[in-house]
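Visitor: I would like to learn how to read a structure one feature at a time. Where should we start?

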Amino acid sequence: MTTKTAKKPQYWLMKSEPDCYSIDDLKRDRVEMWDGTRNYQVRNMMRDQMKKGDLCLFYHSNAGKETGVVGTMKIVKEAYPDPTQFDPKSDHPDPKSDPENPRWLCVDVRFQKKFKYALTLTELKNDPAFTDMTVTQKGNRLSVMPIKKKHYDRILKLSTTNR
């Protein structure tokens, strides 16, 4: 008799500009496709690495003093063709993408928690626990990136502290 070992989740940080799609939008919608990615490296991570059950930090980018981690979500559907690439009225059309061989993918995420306060990028950069976290390093521009469990856990802990 064989026993199936449960797959440990992977951890991700996923960025969105709050004026495009915010943690409050996801809280309202509960489940939403994470669309509009137009970067091959991120597309490949979605295709090859992201799995149902993976845990994610929701990061508000370009949000002024509130740029940072604002909540958590979970991957609930693995990569599939991003329909916005074929919609000329969407914010992310790609007329060169072929429906027979789609260029871009998306995943579905489910809202889990909104933090009382954003854990800002400045706070992350000032905490020695995050020196090896990609988002704190210069030149990082990816909208989706893998993170370590220790970073995910520390951010969850910090999100419950009073300021």
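Guide: The turns below go through helices, the core, the loops, the pocket and the backbone angles of this predicted model.

Visitor: Let us take helix α2 to begin with. Which of its residues are buried?

Guide: The general idea is to list the residues with under 20% relative accessible area and then see where they sit around the axis. In α2, which spans residues 40–48, the buried residues are V42, R43, M45 and M46. They lie on the same side of α2, because the arc they cover around the axis is only 160°.

Visitor: What do the buried residues of α2 pack against?

Guide: Their partners are strands: β1 (11–16), β2 (31–34), β4 (68–81), β5 (105–120) and β6 (144–147).

Visitor: Which residue caps the N-terminal end of α2?

Guide: To find a cap, look for a side-chain atom that reaches a backbone nitrogen at the start of the helix. Here the residue is N39, with a side-chain oxygen 2.9 Å from the backbone nitrogen of Q41.

Visitor: Which residues of α4 are buried, by the same reading?

Guide: H151, Y152, I155, L158 and S159 are the buried residues of α4. The arc they cover around the axis is only 130°, so they are on the same side of α4. These residues pack against β1, β3, β4, β5, α3 and β6.

Visitor: Now the core. How many residues does the largest nonpolar core have?

Guide: One reads a core by its size, its best-connected members and the elements that supply it. The largest nonpolar core has 38 residues, and those with the most contacts inside it are L13, M14, W34, V69 and I155. Two or more residues each come from β1, α1 (23–29), α2, β3 (55–60), β4, β5, β6 and α4 (149–159). The largest share, six residues, is that of β5.

Visitor: Which residues does L13 touch?

Guide: Setting aside residues up to four places away in sequence, L13 touches L57, Y59, V69, M133, V135, S143, V144, M145 and I147. One of these, V69, is also among the residues with the most contacts inside the core.

Visitor: Next, the loops. Is T37 buried or exposed?

Guide: A loop residue has to be checked individually, since its place in a loop does not settle the matter. T37 is in the loop between β2 and α2. T37 counts as buried because its relative accessible area is 4%, and the limit is under 20%. Beyond its neighbours within four places in sequence, T37 is in contact with V42, R43, M46, D82, W104 and S143. Of these contacts, V42, R43 and M46 are among the buried residues of α2.

Visitor: The loop between β4 and β5 holds both Q85 and P99. Is Q85 buried or exposed?

Guide: Q85 is buried, at 1% relative accessibility. A polar atom of the Q85 side chain lies 3.3 Å from the backbone nitrogen of R103, and one lies 2.8 Å from the backbone oxygen of W104. Leaving out residues up to four places away in sequence, Q85 touches R38, H92, P93, D94, S97, P102, R103 and W104.

Visitor: And is P99 buried or exposed?

Guide: P99 is exposed, with a relative accessible area of 58%. The C-alpha atoms of P99 and P83 are separated by 9.2 Å, and the two residues are 16 apart along the chain.

Visitor: What is the volume of the largest pocket?

Guide: For a pocket, take the volume and then the lining. The volume of the largest pocket is about 900 Å³. Its lining has 33 residues, and K15, S16, E17, S61 and S143 lie nearest its centre. The elements that give two or more residues to this lining are β1, β2 and α3 (121–126). With three residues, β2 gives the most.

Visitor: Last, the backbone. What is phi of R30?

Guide: The thing to look for is a positive phi in a residue other than glycine. Phi of R30 is near 70°. R30 is in the loop between α1 and β2 and is partly exposed, with a relative accessible area of 42%.

Visitor: Where is N62, and what is its phi?

Guide: N62 is in the loop between β3 and β4. Its phi is near 50°, again a positive value in a residue other than glycine. N62 counts as exposed, at 63% relative accessibility.

Terms used:
Residues numbered from 1 in each chain as written. Predicted model: local features only at pLDDT ≥ 70, side-chain atom pairs only at ≥ 80, totals over all residues. Heavy atoms only, no water. Buried < 20%, exposed > 50% of the residue type's maximum accessible area, 1.4 Å probe, protein only. Helix = DSSP H or I, 4+ residues; strand = E, 2+ residues; numbered from the N terminus. Arc of directions from axis to C-beta. Contact = heavy atoms within 4.5 Å. Polar contact = N/O pair within 3.5 Å; in protein donor to acceptor, adjacent residues only side chain to side chain. Core = buried A, V, L, I, M, F, W, Y, C linked by side-chain atoms within 4.5 Å. 1 Å grid on protein atoms, 1.4 Å probe; cavity = no way out; pocket = protein on both sides within 12 Å on 5 of 7 lines; lining within 4 Å. Points joined across faces, edges and corners; volume = space filled by probe spheres on them.
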